[in-house]
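Biologist: I should like to learn how to read a helix and its charged contacts in a model. May we work through an example together?

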Amino acid sequence: MRDIRLWNTRDREKQTLTPSPEGRIGMYVCGPTVYDRAHIGNARPVVVFDVLYRLLRHVHGPDNVTYVRNFTDVDDKIIKRADESGRPIDDITAETTQWYLDDMAALGAREPDHMPRATAYVNDPDQPIDMVRMIETLMERGHAYFAEGHVLFAVESWSEYGSLSHRSIDDMIAGSRVEVAPYKRGPMDFVLWKPSTPEQPGWESPWGRGRPGWHIECSAMAKALLGDRFQIHGGGIDLVFPHHENERAQSCCANDTTDIADIWMHNGFLMVEGEKMSKSLGNFFTVHDLLQRGVPGEVIRLVLLGTHYRQPLDWTEKRVEQADTILRRWRRAVDAAAGTAPAERFEAAVEALADDLNTWNAIRAVDEEAKALLSTGGAGHAERFLAGLALLGFEGLEGAETQQAQRLAAAGDPSDRIEALLAARAEARKAKDFATADGIRTMLTAAGVEVRDGQTPPYVLTDSFDAAKLEATA
């Protein structure tokens with residue numbers, strides 16, 4: 001069995017992934033707080049860990065891998081959105097959860113094995129563990145205390161605090177911008193339980209009606225579904241501190257373990273055209289925005305995988321165009337591979353991904369097979385190409401001919417009009433009337449028709465195809 005080596009944020013080195021004694025691998029990835037549309041930065045960990053999930057299942061077998069990604073459906077941001085909109089919280093979280101699932105599905109992401117909702121694990125004796133019981137354990141062991149309606153984790157009670165993010169408590173205090181509540185024993189102590197007003201969501205507890213802090217939610221859900229310790233914990237680099245640092249501390253103290261996960265993985269930030277994504281800069285956009293603009297989900301996915309997951313990713317129009325070019329080639333290769341079954345294993349792609357999820361090398365290996373298939377043919381290239389597509393999450397990629405037929409049908413089959421314009425262009429070129437020929441091509445391009453001289457088919461309808469513009473061409 002091939003070794004998989006992954007970068008461990010905690011130890012700052014690549015380490016070999018080791019399954020449990022039973023041969024199983026558990027992976028927990030922090031999911032969204034469901035109060036709005038997922039932006040493109042939210043999508044990066046989904047796509048990154050989806051590829052890792054596929055690799056783990058491929059190498060270790062699907063029955064030996066359990067992937068958990070949660071939904072935070074109780075949070076101050078959600079409460080604020082409900083207050084502003086006048087809508088019930090349950091309606092908001094149900095709607096935004098479905099938005100998230102639909103958008104991530106459009107990017108080719110498989111659903112995890114478990115997608116727990118935080119509200120189901122607050123105070124429920126039917127669950128294997130819940131947040132109230134975990135907080136009680138922390139208090140019994142001297143790691144938490146009650147003060148003015150709140151229960152807080154005592155950071156100084158765990159000597160390893162800061163070892164995930166590689167910060168000392170003194171540095172954290174010096175760099176903190178959070179106003180220290182007077183009831184805290186230590187400035188870095190964080191909330192496990194907070195009181196709720198009658199208008200806010202709340203649960204009964206030994207400390208009165210209230211709701212959990214953010215960090216304890218993941219600790220309880222991870223323990224309930226994966227146990228005291230599992231193999232991989234993942235998320236965005238922004239979660240290392242304070243969320244993952246706090247989650248790790250409370251889990252280790254409640255479970256009496258040295259860590260909650262063997263390997264901690266984090267993907268880098270996402271920028272847009274070299275700048276931090278921000279609403280104030282006008283470069284903030286959601287996955288839904290991109291899909292509505294006509295950027296296909298598979299293009300978004302390929303852009304997100306085109307930079308190593310630990311590095312910052314700069315989302316640019318150039319990268320979108322490059323991804324679109326690669327995918328056009330892959331679509332033609334899908335047509336050429338029609339009727340071929342994927343290989344059981346495409347070693348070059350597996351080797352790349354097993355080396356700390358080097359998606360770019362895997363993409364390059366798949367692209368080389370696509371080029372070879374289109375230039376020389378051969379079942380071997382087709383089998384490896386299809387296997388690589390599946391490993392990277394493009395197994396549903398439509399062939400160019402299928403996509404073309406669908407677009408033609410959706411546009412009311414404008415093929416007669418396009419072919420007439422192409423014929424007129426050919427006549428103009430034959431007569432050396434290049435101005436007219438170029439003008440026809442410009443009109444077709446403006447209408448979203450890509451002219452492909454010397455290729456089959458001779459034209460392709462792009463995502464920006466506009467039938468009205470085509471009809472307006474005289």
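Biologist: Which residues of helix α4 are buried?

Modeller: This is a predicted model. In helix α4, which covers residues 131-140, the buried residues are M131, V132, M134, I135 and L138. Viewed down the axis of α4, these residues fall within an arc of 160 degrees, so they line one face of the helix.

Biologist: What do the buried residues of α4 pack against?

Modeller: Their partners include the strands β5 (144-147), β6 (150-153), β7 (190-195) and β8 (210-212). The helices α6 (214-226) and α7 (240-255) are also packed against the buried residues of α4.

Biologist: What should one note at the start of α4, and what just after the helix?

Modeller: At the start, D130 places a side-chain oxygen within 3.3 Å of the backbone nitrogen of V132. Just after α4, G142 adopts a positive phi of about 80 degrees.

Biologist: With which residue does D130 form a salt bridge?

Modeller: The partner of D130 is R133, with the closest N and O atoms 3.3 Å apart. Buried means under 20% relative accessible area, and D130, at 1%, counts as buried. R133 is partly exposed at 27%.

Biologist: How many salt bridges does the whole structure contain, and what does the one between E450 and R328 tie together?

Modeller: The search finds 29. The side chains of E450 and R328 meet at 2.8 Å, N to O. E450 lies in strand β14 (residues 449-451) and R328 in helix α10 (residues 317-336), so the pair ties together parts that are 122 residues apart in sequence. Salt bridges with shared partners also join R10, D11, R248 and D259 into one network.

Definitions and conventions
Residues numbered from 1 in each chain as written. Predicted model: local features only at pLDDT ≥ 70, side-chain atom pairs only at ≥ 80, totals over all residues. Heavy atoms only, no water. Buried < 20%, exposed > 50% of the residue type's maximum accessible area, 1.4 Å probe, protein only. Helix = DSSP H or I, 4+ residues; strand = E, 2+ residues; numbered from the N terminus. Arc of directions from axis to C-beta. Contact = heavy atoms within 4.5 Å. Polar contact = N/O pair within 3.5 Å; in protein donor to acceptor, adjacent residues only side chain to side chain. Salt bridge = Lys/Arg side-chain N within 4 Å of Asp/Glu carboxyl O.
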